[in-house]
Amino acid sequence: MKLPFKRLITLFAGTALAGLVHAADLKEIRIAVPDLSAGSQHSGGGITDVLHSQQIFEKAFADQGITIQWNYFKGAGPVINEAFANGQVDLAYLGDLAAIIGRSNGLDTRLLSASARGVKHYLGVVPGSGIKTLQDLKGKRVAVFRGTASQLSFDAALASQGLSEKDLKVINLDFNAAVAALAAKQIDATWGSSGLSALQAKGLAEIPLTTKDLGGAGSVQAVLVGSGKFVDEHPQVVAKLLKAQQQAVQWLTDDNHKQAYIELVSERASYPAVILTNDLKDQKLSEIFPSTLDPVFLGKLQNAVDLASKERLIRKPFQVSDWVVPNLAAAGL
């Protein structure tokens, strides 16, 4: 049924007015970040530590009276997806698998930007175990934090060697619990981030390989996603936020800032600086932190979706191209 022209004009005006009302009503932007800190401060690493420490978003929205609420979750991606489902957060910086699981499970999220790419992961094993390769893990007890980027990273690493989780005894432990279990020799191995280097330094773990040794198989991508409701109701706010984010991206992708970045994250996360120094010794920040949703990055995300579906980490695969908000994701990038 066709609507009269005057009726269409009235509907359009009403929609536009509703958008203005929503913008006027916005008092805060709620951002979720997985908390990787081992101390009393919060740290998400990467771009979130730069944004938070430099108060880039706070300054960008001060003139509109909009505050920024940073929410750090020790439960990482799975808990953040619950927060999205309950309408408790508007935006989230997530590793690839958590964001993919949320979307696959029906969360109405929108892909807004990349936040990291090619992030290394490590295999930590009990000293003297004789485990040198992924093949050596067959039948072993291996801790992985399910539902996070680390699980997808591990599955990708295994797949590169013709293996899957079925070949091992996989135990679901969060990062801190996995480190404690490895130190206590309650497990044979764990798969995680550079924090495992701290155990190695204490002689409590060996690190026989990283994703770098596997030709990049299992390296992690990270993204910024927003709730569909928030993105639809506040497109101008999202565009402004993405433009402000570029200040952090420009600082972070300047390789002259590498030492300053290492010191920033080490201080916030309560990690020895040597851990991040060793992690980044063969990588450039300019390679890890571009925010563009370029074809290569989107291709790797699609590969991640396809692998997650194959390994039954998600029930419904989807096209990453349908996840992107073209008119917003390009803003300021």
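## Helix H5, a mostly covered helix

Helix H5, which spans residues 96-104, is mostly covered, with 8 of its 9 residues buried. The structure you are looking at is a predicted model. The buried residues of H5 are Asp-96, Leu-97, Ala-98, Ala-99, Ile-100, Ile-101, Gly-102 and Ser-104.

What do these buried residues pack against? Their partners are helix H4 (76-85), strand S3 (91-95), H6, strand S10 (220-227) and helix H14 (295-310). After H5 comes Gly-106, and its phi is positive, near 100 degrees.

## How H5, H6 and H14 cross

Let's follow the helices from one to the next. H5 and H6 have axes 6 Å apart and pack at an angle of about 105 degrees. The two helices H5 and H6 are therefore roughly perpendicular to each other, as angles from 65 to 115 degrees count as such. If you would like to find this crossing on screen, Asp-96, Leu-97 and Ile-100 are the H5 residues that meet Ala-149, Gln-151 and Leu-152 in H6.

H6 also packs with H14, here at an angle of about 85 degrees and with the axes 10 Å apart. H6 and H14 are therefore roughly perpendicular to each other as well. On the H6 side, Leu-152, Asp-155 and Ala-156 take part, and they meet Ala-304, Leu-307 and Ala-308 in H14. Leu-152 thus appears in the meeting with H5 and in the meeting with H14.

## The loop leading into H6

Just ahead of H6 there is a loop that deserves a look. Thr-148 is found in this loop, between S6 and H6. Is Thr-148 buried or exposed? With a relative accessible area of 5%, Thr-148 is buried, since the cut-off for that label is under 20%. Leaving aside neighbours within four places in sequence, Thr-148 is in contact with Ala-76, Pro-78, Leu-97 and Phe-175. Of these partners, Leu-97 is one of the buried residues of H5.

## Aromatic pairs and a charge over a ring

Now for the rings. The structure holds 6 aromatic pairs. One of them joins Trp-70 and Tyr-72: their ring centres are 6.5 Å apart and their planes are at 25 degrees, so this pair is stacked. Trp-70 is buried, at 13% relative accessible area, and Tyr-72 counts as buried too, at 15%. Another pair, Phe-145 with Phe-175, is edge-to-face, at 5.0 Å centre to centre and 80 degrees between the planes. Phe-145 lies in the loop between strand S6 (141-144) and helix H6 (149-159), while Phe-175 is in helix H7 (residues 175-183), so the pair ties together parts that are 30 residues apart in sequence. Phe-145 is buried, with a relative accessible area of 10%, whereas Phe-175 counts as partly exposed at 29%.

Trp-70 and Tyr-72 also belong to one aromatic cluster together with Phe-57. Elsewhere, a charge meets a ring: the charged end of Arg-103 sits over the ring of Phe-318, 6.0 Å from the ring centre.

## The annotated domain

What does the UniProt record place at residues 61-255? The unreviewed entry gives the feature "domain: SsuA/THI5-like" for this stretch. Over residues 61-255, the model's chain is 36% helix and 27% strand. The C-alpha atoms at the two ends of this stretch are 28 Å apart.

Conventions. Residues are numbered from 1 along each chain as its sequence is written. This is a predicted model: local features need pLDDT of at least 70, side-chain atom pairs count only at pLDDT 80 or more; totals for chains, interfaces and linings use all residues. Side-chain values use heavy atoms; hydrogens and water are left out. Rings of Phe, Tyr and Trp (its six-membered ring) pair if their centres lie within 6.5 Å; planes under 30 degrees apart count as stacked, over 60 as edge-to-face and the rest as tilted. Buried means under 20% relative accessible area, exposed over 50%, partly exposed in between (1.4 Å probe, protein chains only). Helices (H or I, at least four residues) and strands (E, at least two) are DSSP runs, numbered from the N terminus. A charge sits over a ring if NZ of Lys or CZ of Arg is within 6 Å of the ring centre and within 35 degrees of the ring normal. UniProt positions are given in the numbering used here, feature names are shortened, and annotations may be inferred rather than shown by experiment. Contact means heavy atoms within 4.5 Å. Axes are lines fitted to C-alpha atoms, for helices over the stretch in contact, and angles run from 0 to 180 degrees between N-to-C directions. Angles under 35 degrees count as roughly parallel, over 145 as roughly antiparallel, 65 to 115 as roughly perpendicular and the rest as oblique.
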